[in-house]
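Here's a quick briefing for anyone opening this structure for the first time. Have a look at the fold below, then read on.

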Amino acid sequence: MPGERTKYAWRDHILAERAQLGAAEHAAEAAALAARIAALAGPDVVLCAYVPIRREPGDLRMLDALREREATVLLPVTGEPGPLSWARYEGPDSLRKARFGLLEPTTPTLPPATVAEATTILVPALAVDLRGVRLGRGAGYYDRTLDAADPAARLIAVVRDTELVERLPEEPHDLRMGWALTPGGGLRELGLSPE
């Protein structure tokens, strides 16, 4: 998108594009993400992830690919505004409907500090730029959560290929992502070029 746009304008633009995404294209992108994500997993890996909803990139195949490689997969549990709590993903049958149209695990809820155990954190995003600036939906749950992550953990924004952009608006509280994962491009390190 040319010119300076606000976060609100970016959100409107990306949500409108996602609304136009056909089911077959979404499914193909989700399959590509599931195939690419398996490389992040292993028996000693703890990942914080999320269940994609609506037209977010990916689907449950991403989580199942991680579990098939014996990774521990933790999913967010929303509550009042603040840091996210977590619960272990044990397969599709372990999920229930929750706030905001989300699916959350029925397994025991773990405290927000559990995020510090993760070696990799998959972060939902509407877009991410080449510097690592992430555009979320604006509720701030991840902004309040990621400060407690291990500084060595890989923060990976999961976006469609067209949602990896050159530059997004940034605010002082924004925590930058180190990586982007897209269906076509796979895992790409961010913030490597001078600003």
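What follows is a short tour, from the overall build down to single residues.

Keep in mind that this is a predicted model. The protein has 4 helices and 13 strands. Its radius of gyration is 16 Å, close to the 16 Å that the globule rule gives for 195 residues, so the protein is as compact as a globular protein of that length.

**The whole protein**

- Taken along the principal axes, the box filled by the C-alpha atoms is roughly 45 × 35 × 30 Å.
- Of the 195 residues, 50% count as buried.
- Take the contacts between residues at least 6 apart in sequence: 69% of them join residues at least 24 apart.
- The accessible surface adds up to about 9500 Å², and carbon and sulfur atoms account for 53% of that.
- There are 23 positive and 28 negative charges, and the mean positions of the two groups lie 3 Å apart.

**Strand β7 and its partners**

- A bit of background helps here: the strands of a sheet pair through backbone hydrogen bonds, and they can do so parallel or antiparallel.
- How many of the residues of strand β7 are buried? In β7 (residues 120–124), 5 of the 5 residues are buried, so this strand is largely enclosed by the rest of the structure.
- The side chains of β7 split two ways: Thr120, Leu122 and Pro124 point one way, while Ile121 and Val123 point the other way, and all are buried.
- Strand β1 (46–48) pairs with β7 in the parallel sense over 2 bridges.
- In that pairing, cysteine 48 has isoleucine 121 of β7 as its bridge partner.
- β7 also runs parallel to strand β10 (residues 154–158), and 5 bridges join the two.
- Across from threonine 120 you'll find arginine 154 in β10, and across from valine 123 sits alanine 157, also in β10.

**On from β10 to β12**

- Strand β10 is mostly covered too, with 4 of its 5 residues buried.
- β10 is joined by 3 bridges to strand β12 (residues 179–182), and these two run parallel.
- If you want to spot this pairing on screen, look for valine 158, which stands opposite leucine 181 in β12.

**A separate trio of strands**

- Which strands form the open sheet of 3, and in what order? The order is β9-β8-β11, and the pairing is mixed.
- β9 (134–135) and β11 (164–165) are the edge strands, so to find them look for the ones where each pairs on one side only.
- Strand β8 (residues 127–129) pairs with β11 in the parallel sense, over 2 bridges.
- Valine 128 stands opposite leucine 164 of β11.

**Leucine 164 up close**

- Leucine 164 belongs to strand β11.
- Which residues is leucine 164 in contact with, leaving aside its neighbours within four places in sequence? They are Val128, Asp129, Leu130, Val159, Ala180, Thr182, Arg188 and Leu190.
- One of these contacts is alanine 180: it lies 16 residues from leucine 164 in sequence, and their C-alpha atoms are 7.5 Å apart in space.

**Glutamate 29 up close**

- Glutamate 29 sits in helix α2 (residues 23–37).
- Is glutamate 29 buried or exposed? Its relative accessibility is 12%, and buried means under 20%, so glutamate 29 counts as buried.
- Setting aside neighbours within four places in sequence, glutamate 29 is in contact with Leu21, Arg160 and Pro183.

**Glycine 42 up close**

- Where is glycine 42? You'll find glycine 42 in the loop between α2 and β1.
- Glycine 42 counts as buried because its relative accessibility is 8%, with the cut-off for buried being under 20%.
- Leaving out neighbours within four places in sequence, glycine 42 is in contact with Arg69, Glu70 and Ala71.
- Arginine 67 is 25 residues away from glycine 42 in sequence, while in space the two are 8.6 Å apart, C-alpha to C-alpha.

Key:
Residues numbered from 1 in each chain as written. Predicted model: local features only at pLDDT ≥ 70, side-chain atom pairs only at ≥ 80, totals over all residues. Heavy atoms only, no water. Rg over C-alpha atoms; globule rule 2.2 N^0.38 Å. Buried < 20%, exposed > 50% of the residue type's maximum accessible area, 1.4 Å probe, protein only. Contact = heavy atoms within 4.5 Å. Areas by Shrake-Rupley, 256 points an atom, 1.4 Å probe, with all protein chains shown as cover. Lys, Arg positive; Asp, Glu negative; His and termini not counted. Charge placed at Lys NZ, Arg CZ, Asp CG, Glu CD.
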